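Work through the exercises below with the model open beside you. Try each task before reading its solution.

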Amino acid sequence: MAYRSYILVCGGTGCESSHADKIYQNLKNEIEANQLFAQVQVIKTGCFGFCEQGPIVKILPENTFYVQVKPEDAKELVEEHIVKGRPVQRLIYNPNEDKNRTSLVTEEKDIQFYQKQFRVVLRNCGMIDPEVIEEYIARDGYAALEKVIFDMKPDDVIEELKKSGLRGRGGAGFPTWMKWNFTKNATNSETKYVVCNADEGDPGAYMDRSTLEGDPHSILEAMTIAGFTVGAQKGFIYIRAEYPLAINRLKIAIKQAKEMGLLGENILGSDFSFDIEIRLGAGAFVCGEETALLASIEGKRGMPIPRPPFPATHGLWKKPTVINNVETYANIPMVILKGGDWFSSIGTESSKGTKVFALTGKIKNSGLIEVPMGITLREIIYDIGGGIPGGRKFKAAQSGGPSGGVITEEFLDTPIDYENLAKLGSIMGSGGLIVMDEDDCMLDIAKFYLDFTVDESCGKCAPCRIGGKQLYGILDGISKGNGEIEDIQKLKDISLAMQRASLCGLGQTAPNPVASTLRYFEKEYMEHIVDKKCSAGVCKDLLQFVIHKDKCVGCTVCARKCPVNAISGERKQPHEIDQSACIKCGACYDACKFQAITRG
Amino acid sequence: MGRLTLEELRKLRENKKAEIQKRETDNKDIDVIVGMGTCGIAAGAKEALDAFIAEIDNHNLKNVRIKQTGCMGFCTYEPTVEVKVPDMPDTIYNKVSADVAKLIVEKHLVQKQLVSEYVFDRPSVDILKNK
């Protein structure tokens, strides 16, 4: 008996942390209680992407998109929607947050967040149950592998990748076909390896985790294709132990693929054998760098070594190794099935296909998005992201995490691709995109990222180890009011030295946030140095909260809000802040209804 | 399940594809809406619904969405089913038993003919849409 209805529950980490698992269980119980188990299937899928509105539940065939569902809503969803066929209005997406709920959007395809998205990498996320291999197979899963093994030669695969124009999605954007070709043609060893870099470490980035959680088989299939192409029999997925859900789903996927003969000895009865193992990382940022990652897999301390020789010829245990990022692999089955020409029809002249971004920060619709290359930042932030909340003004967007830079208002209409982002002093990176508004201090942002890279530096080479520390020290001084004009030049000099002399990508790109904020916001640095002020109100040492006697009516709200009792004054008399006791939390500033408190 | 050969993998994909396509909502232009109010269910709407699902499977129709709704208001004539096929008038059938459901799939959905003896009415005009 076929099912008549399907309930899809998001099983990504974001929704899971809001009790999606409980929702799933409750829905199952309700279906059971109503004796509908033969007619209604409850499925836990990968991330829908619209994390801002999670947990998400979608009911088919009506295609009703429910948002912010709670475990206790399960009963109503089943009794009203499933049994009586009446959508539960109060759980339907209400984009304008309008109180009368007159502008509800019922279907995913009508939600603005999804309008400009194009899903290649995330094609199965939110569609299939990632723990059931048959569902992946039904969505053309392992069809690319079948085509490669039985109808193509390794050179055909390389040719198809070349036509597609696919470039590495891990950050640098190296053409994938070239990497594969180097390893395929390497003659220094018969033994070769395929490695998947799932060591996603940028603050605010979670594309790779969501891909692995929502569609683990696509990575296994792509790695097997890589193995066939370059002549490897063994693959490793290097993933951080901080991603337990992704690891668990990968383990299930590997087990299922092996049982079905899609992985292991003599795949699909051919004479090609390929096996995949998972290697857990301890979450060091430097292990995202390929040579450090390979060292970590070998059981050594994760530290980079100078290149060349490149891993393509001298990688894991000095054997030729193909190493790609999760998102790159997720594209491969589609390139093979739909052809390189199809893939290259998406995107810009130099950057083909789509890019997944984790959109976070000061944005209404934060979440996981996939857009064609060449889309503008304005479209991402205002059309998909819904703009900045609270009527605040956009200041900058940060791409590429600690290795990237900021993009300002005037460049919002630049089409996003590898080259354009580099020209603006940022990078594509792995795809974290953090939006900042006027309340964010650019100096503080640079300081935040440096704090991260100083912490994560492996300490092997001096430019990164010492340079990073010095940069941080100078920024810290400026933020505390101890900056001097000469500091600007010092920042620039140290940045240049680090970029030129560091051993690996971590050190080379660590000064990028400083260089980029200096480039676009030098004024803000000068304000900190000369005027000893932070107009965004972030650098606490430069702040002072003052109550203006003429405006204060003595309502006592601020005094009651102050967590350290630094505000004193009689009722109906002007109040005063004891500056020596003030911790500059800003609670009084936010609480005052009479604009009697100034920050500066 | 054991290790697959190429043929077995292809067969499995074909079988599962039909199942997963039911989850997709694109390219489906025919709606079959079954009234599943208390009155409808009491009169046998569940059996009709099951018959629709089975029959649509038998005919391998991929562009049909089966939905359910509450009571349509014709409680004496339950089970009622509304069928919307492009280029045909939206039609409401009454007293749809499992056998009539089969007939509707065969005639209305496949051969594009109305099953006249069970046509109840065209749906009443939605005053909200036409104001």
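The exercises go from the whole chain down to single residues.

This is a predicted model, in which local features need pLDDT of at least 70 and side-chain atom pairs count only at pLDDT 80 or more, while totals for chains, interfaces and linings use all residues. Residues are numbered from 1 along each chain as its sequence is written, and chains are lettered from A and ligands numbered from 1 in the order in which they are written.

**Exercise 1. Overall build**

Find how many helices and strands chain A has, and judge its compactness.

Step 1. Count the elements: chain A has 23 helices and 17 strands. Helices (H or I, at least four residues) and strands (E, at least two) are DSSP runs, numbered from the N terminus.

Step 2. Take the radius of gyration, which is 27 Å for chain A. The globule rule gives 25 Å for 600 residues, so chain A is as compact as a globular protein of that length. Here the radius is taken over C-alpha atoms, and the rule is 2.2 Å times the number of residues to the power 0.38.

Step 3. Check burial: 55% of the 600 residues of chain A count as buried. Buried means that 20 or more other C-beta atoms lie within 10 Å of the residue's own; exposed means 12 or fewer, and partly exposed is in between, with C-beta atoms placed from the backbone.

**Exercise 2. Two domains that touch**

Describe how domain 3 of chain A meets domain 4 of chain A.

Step 1. Locate them: domain 3 covers 354-437 and domain 4 covers 442-531 of chain A. Such bounds come from an automatic or database domain assignment.

Step 2. Count the contacts: ten residues of domain 3 of chain A touch 14 residues of domain 4 of chain A. Contact means that the C-beta atoms of two residues, placed from the backbone, lie within 7 Å.

Step 3. Look at the domain 3 side: strand β12 (residues 405-408) of chain A gives the largest share, three residues. That side has three nonpolar, seven polar and no charged residues. Ala, Val, Leu, Ile, Met, Phe, Trp, Tyr, Cys and Pro count as nonpolar, Asp, Glu, Lys and Arg as charged, and the others, Gly among them, as polar.

**Exercise 3. A covered helix**

How many residues of helix α12 (residues 290-297) of chain A are buried, and what do they pack against?

Step 1. Seven of the eight residues of α12(A) are buried. Among them are A:Leu293, A:Leu294 and A:Ile297.

Step 2. Find the partners: the buried residues of α12(A) pack against β5 (193-198), β6 (234-240), β7 (275-281) and β8 (321-325) of chain A.

Step 3. Follow the chain onward. A:Gly299 comes after α12(A) and has a positive phi, near 95°. In the loop between α12 and β8 of chain A lies A:Pro309. The peptide bond from A:Pro308 to A:Pro309 is cis, with omega near 0°.

**Exercise 4. Two residues with positive phi**

Are A:Gln68 and A:Leu268 buried, partly exposed or exposed?

Step 1. Place A:Gln68 in the loop between β4 (64-66) and α3 (74-84) of chain A. Its phi is positive, about 45°, although A:Gln68 is not a glycine.

Step 2. A:Gln68 has 16 C-beta neighbours inside 10 Å, so it counts as partly exposed.

Step 3. Place A:Leu268 in the loop between α11 (244-259) and β7 of chain A. Phi of A:Leu268 is also positive, near 50°.

Step 4. A:Leu268 has 20 C-beta neighbours inside 10 Å, so it counts as buried.
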